[in-house]
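Reader: I would like a close look at one part of this structure. Pick a strand, follow it to what lies beyond its end, and keep it brisk.

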Amino acid sequence: MLITPEYVFKDVTHITPEFLAGKGIRALVLDIDNTLTADRSQKLPDEVAGWLAQMKEAGIGLTIVSNGAEKRVRPFAEKLGLAYLYRSAKPLPFALMVARRRMGVKRKQMAMVGDQLYADRMAAALYGIPGLMVIPRGPDLGVQVVLKRKWEKRHWQKYYDRGGKTL
Ligand SMILES: [Mg+2]
């Protein structure tokens, strides 16, 4: 199934340079809401700031790809000095293609980091790259997201039923 997770991390800080090196991944496309910070929050948790610095130091290319509006995405990304794309229409994979070209990596060198199976995981699958899923930071604010979480549940479960671990 397109949206069953391949990798599940407790949060982004558990994605290590060693893990990425082992998979030949040199660039990450990053979701914001419930991935880097809480839903709709402009604040960046300290541990996530530390993780981003660690990724940059390891030479990992980083681009924010969010479905959020410009006013949500731009201030957040600019504060961090990260490249960004807003209104990305995930699960459609077009923004991933744009991000990949900008970062100048091959498709097999890039992965998507996000929390939503119907947006992030599916976009990654449609584009043919790994989806590194994180457990949503929560809480969810939008009604749509709450609904989607309900639909996602059995797909998360499938990962664990297959012996998948939270990395
Ligand atoms: Mg999200």
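Author: Two strands count as paired if DSSP finds at least two bridges between them. Strands (E, at least two residues) and helices (H or I, at least four) are DSSP runs, numbered from the N terminus. This is a predicted model; local features need pLDDT of at least 70 and side-chain atom pairs pLDDT 80 or more, while totals for chains, interfaces and linings use all residues. Residues are numbered from 1 along each chain as its sequence is written, and side-chain values use heavy atoms, without hydrogens or water.

The part to look at is strand E5, residues 110-114. Start with the sheet. It is open, has six strands and runs in the order E1-E6-E5-E2-E3-E4. The pairing is parallel. E5 therefore has E6 on one side and E2 on the other in that order. The edges are strand E1 (7-9) and strand E4 (83-85), and each of these pairs on one side only. From one strand to the next, the twist averages 25°. Such angles lie between N-to-C directions of axes fitted to C-alpha atoms, on a scale from 0 to 180 degrees.

Now the neighbours of E5. E2 and E5 run parallel and are joined by four bridges. One match to find on screen is Leu28, whose bridge partner in E5 is Ala111. On the other side, E5 and E6 also run parallel, with three bridges between them. There, Met112 of E5 stands opposite Gly131 in E6. One step further out from E2 comes strand E3 (residues 61-65), which pairs with E2 in the parallel sense over four bridges. In that pairing, Ala27 has Gly61 as its bridge partner in E3.

Next, cover. Five of the five residues of E5 are buried (under 20% relative accessible area with a 1.4 Å probe and protein chains only; exposed is over 50%, partly exposed is in between). In a regular strand, side chains alternate between the two faces of the sheet. In E5, Met110, Met112 and Gly114 point one way. Ala111 and Val113 point the other way. Both sets are buried.

Go on past the end of E5. Asp115 lies in the loop between E5 and helix H5 (117-127). Asp115 has a relative accessible area of 1%, so it counts as buried. Asp115 is also one of the protein donors of the magnesium ion, through OD. The others are Asp31 (OD) and Asp33 (O), and the donors lie 2.0 to 2.2 Å from the ion. Donors are N, O and S atoms within 2.8 Å of the metal (3.2 Å for Na, K and Ca); water is not among the atoms, so the site may look incomplete. In sequence, the donor residues are spaced D-x1-D-x81-D. Asp31 lies in the loop between strand E2 (27-30) and helix H2 (46-57), so Asp31 and Asp115 tie together parts that are 84 residues apart in sequence. Asp31 is buried too, at 7% relative accessibility.

Asp31 has a second contact. Lys90 forms a salt bridge with Asp31, with closest N and O atoms 3.0 Å apart (the cut-off is a side-chain nitrogen of Lys or Arg within 4 Å of a carboxyl oxygen of Asp or Glu). Lys90 comes from the loop between E4 and helix H4 (94-103), so this pair ties together parts 59 residues apart in sequence. Lys90 is buried, at 7%. A network of salt bridges links Asp31, Lys90 and Asp120.

Follow helix H5 to Arg121. This residue forms a salt bridge with Glu6, and the closest N and O atoms are 3.7 Å apart. Glu6 lies in the segment before E1, so the pair joins parts that are 115 residues apart in sequence. The two ends differ in cover: Arg121 is buried at 7% relative accessibility, whereas Glu6 is partly exposed at 36%.

One more pair involves helix H2. Arg137 and Glu47 form a salt bridge, with closest N and O atoms 3.2 Å apart. Arg137 lies in the loop between strand E6 (131-134) and H6, and Glu47 lies in helix H2, so parts 90 residues apart in sequence are tied together. Here both ends are partly exposed: Arg137 at 28% and Glu47 at 44%. Over the whole structure, a search finds nine salt bridges.
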